[in-house]
Amino acid sequence: MLLYRLLVSLAAPVLAALFALRLLRGRETAEDLRQRLATTDEPPLPGPRLWLHGASNGELAAARGLVDALLAAHPGLSLTVTANTTTGRDMVTAWALPRVTARLAPVDLRRPLRRFLATHAPRALVVIENELWPNRLTALKARGIPVIVVSARLSARSAGHWGRLPVVAQEVLASITSLSAQDEESAARFTALGLPDAARAAPLALKASSPPPTADPAQLAALAPAFERENTLLAASTHPGEEEQVLAAFTKARQSRPALRLILAPRHAQRGPEVAALVAKAGLPFATRSAGEAPGTAPVFLADTMSEMGLWYALSGLCFTGGSLVEKGGHTPWEPAHFGCALLHGPSSFNQAEAFAALDAAGGALEVSDAAALAHALAELTPEAQARMAEIARQTADARKADLAPLVARIASNAGI
């Protein structure tokens, strides 16, 4: 841990330079930097409070049901919700929930952490998935503040990285009060790295248990006439190197399925201009959501906005889950499954391995190896087969929902609220 703290301290000037560069490029503001350093001018926040942290949009969207349940069960409770990204923080702000404060997470340096804890005074930290920052967790342990990790995910590759730092891994894991893994494989890896038996809770896949994103009824009514659901493909949360493959597959599939339309929703909305250039290069007419353009009859609709994924799921009968044709490990299939979408995904699924395996085995999802395989699947899926896949996906998602009440009770007990 001393070596980790030394390395992090030595890296602080580099980190400051990176933040300054983001500031100069307009990607972040001075207020964003102040939040990361916990130097915002705000008095200590009153009342019992939890700190809930998720890396970005996916983790925090999965935690929405838990946030609602905590607020409903404890009317006097407030939450400070943090993210590593401005998009994650802004998504939580857009929820406009009472008693919820959204902030960028403090960097893993001891001074910012001390300032953050002095302002927010959390009774406990609730970590979503695998955000296990050494200084953060050991600082909380030193102050007697419980750490509850929910829906923790640990791939074999990540376990290998932690295994190279066994002393750090053991000290970090010893700081955890309670950890529920996404699946038994992750649970076993945490135990092998040194998670105390007393901290191990029953597995819980939070993304399968959280309510899906909502679709604005007025927007849905306005857009629905432009999209025939059974012939609409949503490419959800795509990454660099993936849009080209989706566009190539879509273009090929349209040769035998000309009614097919594509809603292309990149993972990061700020990549809109970059993705628009790719669509133009592919020679496909398109309309852009962020520009306020109506979809019309253009084969591609670029959905480069935030907090509208529920709308795109509701309009689409087919969903390709992004991050799976490039080595990102795949994004959650449970959200589109709840909307009754037939699911397609690539081979990179290590972040959602159990979910994709369950859906594939049931027949609600289909793995495609590359752009050619995706094009073949799109062209060959009959309306009947697609509808059958969609219903199986929905039923599988419904069966995976867990009761969050025991988790809420465990958090409250550990936090003393």
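1. A good place to start is a helix pair: the axes of helix 13 (residues 243–253) and helix 18 (residues 371–380) come within 8 Å of each other and cross at roughly 40°. That angle makes helix 13 oblique to helix 18; angles under 35 degrees count as roughly parallel, over 145 as roughly antiparallel, 65 to 115 as roughly perpendicular and the rest as oblique. Axes here are lines fitted to C-alpha atoms, for helices over the stretch in contact, with angles from 0 to 180 degrees between N-to-C directions. Helices (H or I, at least four residues) and strands (E, at least two) are DSSP runs, numbered from the N terminus.

2. Before you look further, please keep in mind that this is a predicted model, in which local features need pLDDT of at least 70 and side-chain atom pairs count only at pLDDT 80 or more, while totals for chains, interfaces and linings use all residues. Residues are numbered from 1 along each chain as its sequence is written, and side-chain values use heavy atoms, leaving out hydrogens and water.

3. Back to the helix pair: helix 13 passes helix 18 in a right-handed crossing, meaning that the near helix is turned clockwise from the far one by less than a right angle. On the helix 13 side the contact (heavy atoms within 4.5 Å) is made by Gln-245, Val-246, Ala-249, Phe-250, Lys-252 and Ala-253, and on the helix 18 side by Ala-371, Leu-374, Ala-375, Leu-378 and Ala-379.

4. Now the sheets. One open sheet has seven strands in the order 3-2-1-4-5-6-7, with parallel pairing; two strands pair if DSSP finds at least two bridges between them. Strand 3 (100–104) and strand 7 (200–201) stand at the edges with a single partner strand each, so one side of each has no neighbour in the sheet. Strand 2 (residues 78–83) runs parallel to strand 3 and is joined to strand 3 by five bridges; Leu-79 has Val-100 of strand 3 as its bridge partner.

5. Another open sheet of seven strands follows the order 10-11-9-8-12-13-14, again with parallel pairing. Its edge strands, strand 10 (286–288) and strand 14 (365–367), each pair on one side only. From one strand to the next, the twist averages 20°.

6. Strand 13 (residues 342–345) pairs with strand 14 in the parallel sense over three bridges, and Ala-365 in strand 14 is the bridge partner of Leu-343. Helix 17 (residues 353–362) packs on the sheet, touching strand 12, strand 13 and strand 14, and its direction makes about 105° with that of strand 14.
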